[in-house]
Amino acid sequence: MSPRRSDSGGRVDRLKTVRFTFDGVSYTGHAGDTLASALLANGVSLFGRSFKYHRPRGVMTAGVDEPNALVTVLRGPVGQQAGQQVRDPNIPATMIEIHDGLRAESQNCSPSLAWDVGAVNQLGGKLLAAGFYYKTFMGPVIGPLKGTRFWMFCEHFIRRAAGLGRAGREADTARYERMNAFCDVLVAGAGPAGLTAARTAAAEGKRVILADIDANFGGSANWSGETIDGQPAADWAASLVKELKALPNVRLQPRTTVWGYYDGNTMAAVERVSDHKEHPAKGEPRHRQWTIRTGQVVLATGALERPLVFPGNDRPGVMLADAAKRYANAFGVLVGEKVAVFTNNDSAYGAALALKNAGASIVTIVDVRSDVSAAMRDLATQAETDLLAGHAVVATEGGKALSGIKVQRFDQVTGALSGEARSLHADCLIVSGGWSPAIHLASQAGAKAEWNEALQAFLPPQPTQKWTGAGAFNGTMETAAAIAEGHAAGVAASGGKAAGFDPPAVDALPGNAEPAPVFEIKAPGKSFVDFQHDVTAADVRLAHREGFVSVEHLKRYTTLGMATDQGKTSNVPGLAIMAAALGKPIPEVGTTRFRPPYAAVSIGSLAGERYGDLKAERLTPMHDWHVANGATMQPAGLWWRPQIYGHAGETVEQAYVRETRSTRGSAGIVDVSTLGKIAVQGPDAAEFLDRVYTNMFSTLAVGKARYGLMLREDGLAFDDGTTWRLGEQDFLMTTTTANAGKVMQHLEYFLDVIWPDLKVTVTSVTDEWAGAAIGGPNARAILAACVKGTAVDNAALPFMGLVHGEIAGVPVMICRLSFSGEMAFEVYCGAGWGTHVWEALMEAGKPFGLVPYGMEALGTMRIEKGHVTGAEIDGRTTARDLHLDWMLSKKKPFIGSAMMDREGLVARDRLQLVGLVSLDNRPLNGGAHVVRQIDKENPHGSIGHITAVCYSPSLSKYIGLALVEGGKALHGTRAFTSDPLRGRYGPVEIVSHHFFDPEGSRMHG
């Protein structure tokens, strides 16, 4: 038997031994142990050092609320040096499941945990009180070091001392995933209430996700020692889990922390998939981030026990009573041999009895209440210990581990101590200062917590989203009542009927969780409120004296509640001490607003699958076809698009010239699925588009499309595209590929903030539609050969017309518009049918020599035609600069109209769009400057720059588009390109940006 492992009890697998190391020392535990329980079983009491004073700290809790026992887990080959390991710092030892090969080390100590030179900070005393860094480093005069210079001198040392744990320098090679899930009911917390709620909702046929932070469902049932329906509570919970696991409409998510509650019942959760495994399965991620969209939420997240504030309450060996009970009943581990109990409520008596039954000796129960019920006195007798009612612990004794306590008579009404303090020998002190419901998710959902006088705790607010609470989350601490609430919550969440529930019989110890309103014992010595950040009761009172009385100011001035545990054990005691200093009740002082995440979330899980290449990738529905047919793919914004469909031995230029000539000579087809597509719908949709675009859309007929231009509020060009009127109140807007997200944000902002009265909805449907643009002299004939259900002749489908039909049995929308300058048609279908329709078009085009073309040919044809893209709409140009002033309506205001005529935007010397023709028959370079004279030794005198270049098959010349001062007035004149970085200089002629078919006869024919 290990030093403190009981002979029996617990739910660990005693037949399976697990080997691990802590600070380089080898230990063993059992399958099912946490690092904390395994080290406690091995007699380890010292786990870490506190942040500021470097005081020795031991385990305080058994869960996610642990403030002291933070460790760093090392990952990587065992032979690697420590500095080359992948390091995961600041992980509570209480949340680490041990496995063979686990390596962990303590933090915030040097050279070792037992002998830490940082402990000298304890001699600083009041010099290191709350706010000392503001007062000390922001402007004293020490010789020549004055003000800012003194801070600059100290900053290096302060930053080295700041923070907990040490991040590694090695890249994390673990896999992470992101997942989306949809359900009718999400139950957060799988204790008795959560299990019951999940079963009830599932019985109503709802899709249920049940998530719990622990590896084993059951919550407090796993260590309460109660019986439910005549069987141990843990077995009752296991039977419910087995029942739920067999249901097809239930997903069980152990090791999953629901950490964020967002608008629209969107929940964020992180699943620890393989942290508990020595060797993850092939392809298995370490963590998986879940975004869960649910109709209803049941919050059954339980409650967290609070400590009491008294001198020496941070010494290793002092821990929460329920944690000690959990270690005994769930892990078979005794936290001490001689255990003292200090409490202000009944719940600690059950913990004392559990430890007694596990083999510990209970030294005494110290209760601040003088009037203790007969039932509690009977439990003290069963625990074979003395009860010191109306007493308090006023000090602890020992070095790096507890050896004794001092107790003294206490008046709970006045808080006064009297009589002589006496010492009692104990190697563990378990404390209970009451319970705080874990209302964090409800608070995130958007309302103010409500104070409950009986429980001396904040209870959840009234729901502002679709959630229902159950169990200890609601302040209901009795198991039978929590199960009943769980059933009621399941009924409410599923919309079912409450009738027919037969609540199980629960055999529990007597007593209730209502504490005496005692949070602090005022006695000489340091009394800690926030254990991780070393915030003392004296620090809270100092903040009061210095005017930091708001809870938000208190938090930031003292750092109370700002540690990795986010004040789970310290918030309420800290507020109580501030309330006492102010002479106000706690609810008037209030509490800080809980924010996500509820518990620490790995950065890897938020990043998801992306490792190394942080750029998102999007593939069109026809991507695989492009690759299979020889396309060279290239990124375009977030998308991968074909650059060319090269033949053997072709250069990029040769390929796009061939594709362009084939398109202009007969027909070509290009994938335009990447264009942004936004559904604009509602009674005011036309009015909204009139305000958004510079030209009129309310006059657009149903079944027609129109080219539109958007300006920013400052009058500069923002985006262009076509919008199709599908119905009186139904429009489909297309945007440029790169600006799709920005345009969507632009529209949402104006609807939400500027014009909330407009009855309009905007929905991004980019991924819903696959698109192909087919253009060229034979484009109409190809469509006619494969389109059913509609004619495509000029009468039925004129320029900017719109028809509906079928291709290969798939419904399609076809709009006649052109980006290439040829007669062209955009064909859209559902994304899932994209490749099917594309292949049908290719088959119909075989007799006409239809070729697919990529972005290079697309860019070539748009340059020849003089169409603009993001290269010209670059955030600095106006409609007039781009010769689009014909689109500026004089009949209506629109976004940007008030600012577009500013003096600087109509100046004659502005850069305007022009065409350039290379006169030395050499390629032009995008980004090169346009100058009047070449000066290779001292390049200067830029009058503009080149935005786009290509070889023009139509002109048999190298051409480009440019933005040049004076623009149109320079047509027919000569200039030069100056590109000193690439060594390219040469003569050009400035011409109109319309190189090809300026009259538009080809696309209008």
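In which sense do strand 24 and strand 25 pair, and over how many bridges? In this predicted model, strand 24 (residues 402–410) runs antiparallel to strand 25, and six bridges join the pair.

**View A. A sheet of three strands is built around strands 23, 24 and 25.** The sheet is open, with the order 23-24-25. Its pairing is antiparallel. Strand 23 (391–398) and strand 25 (417–425) are the edge strands, and each of them pairs on one side only. From one strand to the next, the twist averages 25 degrees. Strands of a sheet pair through backbone hydrogen bonds, in either a parallel or an antiparallel sense. For one position to look at, find Phe410, which stands opposite Leu417 of strand 25.

**View B. Asp427 sits in the loop between strand 25 and strand 26 (428–432).** Is Asp427 buried or exposed? Its relative accessible area is 18%; the cut-off for buried is under 20%, so Asp427 counts as buried. A polar atom of the Asp427 side chain lies 3.1 Å from the backbone nitrogen of Glu337. Leaving aside residues up to four places away in sequence, Asp427 touches Gly336, Glu337, Lys338 and Val339, along with Arg4, Gly317 and Leu402.

**View C. Helix 13 (residues 571–582) is mostly covered.** The helix has 12 residues. From first C-alpha to last it reaches 16 Å, close to the 16 Å expected at 1.5 Å a residue. Nine of the 12 residues are buried. The buried residues are Asn571, Val572, Pro573, Gly574, Leu575, Ala576, Ile577, Met578 and Ala579. What do these buried residues pack against? Their strand partners are strand 27 (435–437), strand 29 (457–459) and strand 32 (528–530). Their helix partners are helix 11 (537–545), helix 12 (551–558) and helix 14 (586–589). Just after helix 13 comes Gly583, with a positive phi of about 70 degrees.

**View D. Seven strands make up an open sheet of mixed pairing.** The order is 44-45-46-47-43-37-48. Strand 44 (787–788) and strand 48 (851–852) are the edge strands, each pairing on one side only. Strand 44 pairs with strand 45 (residues 802–807) in the antiparallel sense, over two bridges. Which residue in strand 45 is the bridge partner of Val787? The partner is Ile807.

Notes. Residues are numbered from 1 along each chain as its sequence is written. This is a predicted model: local features need pLDDT of at least 70, side-chain atom pairs count only at pLDDT 80 or more; totals for chains, interfaces and linings use all residues. Side-chain values use heavy atoms; hydrogens and water are left out. Two strands pair if DSSP finds at least two bridges between them. Helices (H or I, at least four residues) and strands (E, at least two) are DSSP runs, numbered from the N terminus. Axes are lines fitted to C-alpha atoms, for helices over the stretch in contact, and angles run from 0 to 180 degrees between N-to-C directions. Buried means under 20% relative accessible area, exposed over 50%, partly exposed in between (1.4 Å probe, protein chains only). A polar contact is a pair of N or O atoms within 3.5 Å; within protein, one must be able to donate a hydrogen and the other to accept it, and residues adjacent in sequence count only if both atoms are side-chain atoms. Contact means heavy atoms within 4.5 Å. The expected span of a helix is 1.5 Å times one less than its number of residues.
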